[in-house]
Amino acid sequence: MNIVSETTGLGSQPIHNLPEAISPPFIRVKHIIVALILSAIFFLVFCFIALHGYIAWVLSNPTVAPLYSNPLDAKSMNYENVTFPALDGSRMMHGWYIPAEGSTRTIVFSHGYGANREESWVPMYDLAHYAHKLNYNIVMFDYGFAAQYNKDVATGGKIETQQLLGAIKLAKERQAEQIIVWGFSMGAGTALQAGLQTNDVDAMILDSAFLLEPDTLYHNIKNQIDLPRHPSLEILQILFPVLNGTSINQIPYQQVKNKDYPFPVFFMHGTEDAKAPYGIAESLASNQTNPLSDVWIVEDSHHELIFREHSREYLHRVSSFLSQVNMSLNKNILEQ
């Protein structure tokens with residue numbers, strides 16, 4: 001008798017009609033594919049974040065050339081090497097003091113990002129020499145990120161503001177009765193931040209003002225690499241505090257953008273400025289009510305190259321502004 005049954009013990013369904021089990025090799029292949037896809041996604045996310053980490057690190061640690069000259073060799077101006085503390089005492093600053101005989105007027109130069117006190121592309125020595133001939137004492141110094149030794153990270157003005165305020169204090173200690181800050185690019189943005197905290201500034205000249213905020217940060221990144229605005233800005237805002245101890249939100253850019261400064265400010269900006277759109281200067285200037293404040297928007301001029309491209313008019317406008325400031329201050333003194 002045939003004892004092999006054609007049905008299972010669970011019912012009358014034939015064995016050959018049951019669903020076939022998924023083979024172990026197929027399961028392994030499926031898991032491998034899923035793992036590869038997830039690995040690829042994680043790798044791309046890691047690379048994306050790492051790229052932003054590199055960008056944040058480079059921005060926080062600019063490469064700055066060493067000093068190549070001095071005021072005496074460059075322009076036959078006698079000078080003193082000076083050392084002074086940042087206003088908050090966070091570090092010692094190094095610079096030059098160029099005295100003008102019998103003068104109580106001082107110009108403090110505030111150099112830009114990625115440069116030192118010489119800032120050759122401006123060129124700074126030429127402007128310092130011109131100001132010195134107008135009988136101004138001159139202070140030229142290096143921000144911490146441009147220091148020859150013991151460099152700081154760059155913070156877009158957070159710690160640099162305290163360093164500029166230290167230079168202003170030095171000028172005051174050297175008996176300056178009139179202090180003008182002449183700033184360039186991020187040095188101009190730092191000057192505006194310092195202006196929120198001091199009553200010792202009598203006027204500012206701001207060339208190609210760069211104010212670090214989300215819009216200008218992304219504008220400069222996009223000029224170099226085409227990254228999406230979001231989530232790039234969010235990632236960078238997370239990374240900056242890790243790499244340089246500063247959140248963009250710690251920079252008072254909103255206060256600066258809405259501030260009517262009590263002293264006259266002369267803005268200069270080129271329409272072809274690829275780093276700081278000239279609308280920044282126009283907007284800042286529109287807030288100013290001091291009758292001596294002014295703005296010069298220069299057609300077809302570039303970032304920090306206005307003096308090179310329009311030397312004669314540049315010096316004429318600066319000289320006119322300084323003369324008006326000087327007359328106004330002298331008038332105020334006489335009236336007191």
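Helix 5, which spans residues 186-194, is mostly covered: nine of its nine residues are buried. That makes it a good place to begin a tour of this predicted model. From helix 5 we move to the nonpolar cores, then to a patch on the surface, the salt bridges and a few unusual spots in the backbone.

**Helix 5 and its surroundings**

- The buried residues here are M186, G187, A188, G189, T190, A191, L192, Q193 and A194.
- Which elements do the buried residues of helix 5 pack against? Their partners are strand 3, helix 4, strand 5 (178-184), strand 6, helix 8 and helix 9 (279-286).

**The nonpolar cores**

- The largest nonpolar core has 58 residues, and the members that touch the most others are V108, V139, F141, L164, M204, L206 and L217.
- Helix 4, covering residues 158-173, gives the most to this core, with six residues.
- V139 shows how such a residue is surrounded: setting aside neighbours within four places in sequence, V139 is in contact with W96, Y97, T106, I107, V108, F109, A167, L170 and A171.
- Another core lies apart from the largest one; this other core has 34 residues, including W96, M124, A203 and Y314.

**A nonpolar patch on the surface**

- Now for the outside: V29, I33, V34, I37, L38, I41, F42, V45 and I49 form a nonpolar patch on the surface, and together they have about 800 Å² of accessible area.
- One of the patch residues, I49, sits in helix 1, which runs over residues 24-60.
- Is I49 buried or partly exposed? I49 counts as partly exposed because its relative accessibility is 40%, and buried would mean under 20%.

**Salt bridges**

- How many salt bridges does a search of the whole structure find? There are nine, and three of them are described here.
- K257 and E213 meet through their side chains in a salt bridge, with N to O at 3.0 Å. This pair links distant parts of the chain, 44 residues apart: K257 is in helix 8 (residues 253-258), while E213 is in the loop between strand 6 (203-207) and helix 6 (214-224).
- The two partners sit in unlike settings: K257 is partly exposed, with a relative accessible area of 26%, whereas E213 counts as buried at 7% relative accessibility.
- R229 and D215 also meet in a salt bridge, at 2.6 Å from N to O. Because R229 lies in helix 7 and D215 in helix 6, the pair ties together parts that are 14 residues apart in sequence.
- R229 is partly exposed, with a relative accessible area of 30%, and D215 is partly exposed too, at 44%.
- In the salt bridge between R317 and E313, the closest N and O atoms are 2.9 Å apart. Both residues lie in helix 11 (residues 311-335), four residues apart, which is about one turn of the helix.
- An α-helix has 3.6 residues a turn, so residues three or four places apart point the same way.
- R317 is partly exposed, with a relative accessible area of 28%, and E313 is partly exposed at 34%.

**Unusual spots in the backbone**

- As background, most residues other than glycine have a negative phi, and most peptide bonds are trans.
- V122 and P123 are joined by a cis peptide bond, with omega at about -5 degrees. P123 is found in the loop between strand 3 (105-110) and helix 3 (124-133).
- H230 and P231 are likewise joined by a cis peptide bond, with omega at about 15 degrees. P231 lies in helix 7, which covers residues 229-244.
- S76 is not a glycine, yet it has a positive phi of about 55 degrees. S76 is placed in the loop between helix 2 (71-75) and strand 1 (80-85).
- E119, also not a glycine, has a positive phi of about 30 degrees. E119 lies in the loop between strand 3 and helix 3.
- Which of these settings is buried and which is exposed? S76 is exposed, with a relative accessible area of 61%, while E119 counts as buried at 1% relative accessibility.

How values were computed
Residues numbered from 1 in each chain as written. Predicted model: local features only at pLDDT ≥ 70, side-chain atom pairs only at ≥ 80, totals over all residues. Heavy atoms only, no water. Patch = residues over 30% accessible without salt bridge, like charges linked within 9 Å, V, L, I, M, F, W, Y side chains within 5 Å. Areas by Shrake-Rupley, 256 points an atom, 1.4 Å probe, with all protein chains shown as cover. Salt bridge = Lys/Arg side-chain N within 4 Å of Asp/Glu carboxyl O. Helix = DSSP H or I, 4+ residues; strand = E, 2+ residues; numbered from the N terminus. Buried < 20%, exposed > 50% of the residue type's maximum accessible area, 1.4 Å probe, protein only. Core = buried A, V, L, I, M, F, W, Y, C linked by side-chain atoms within 4.5 Å. Contact = heavy atoms within 4.5 Å.
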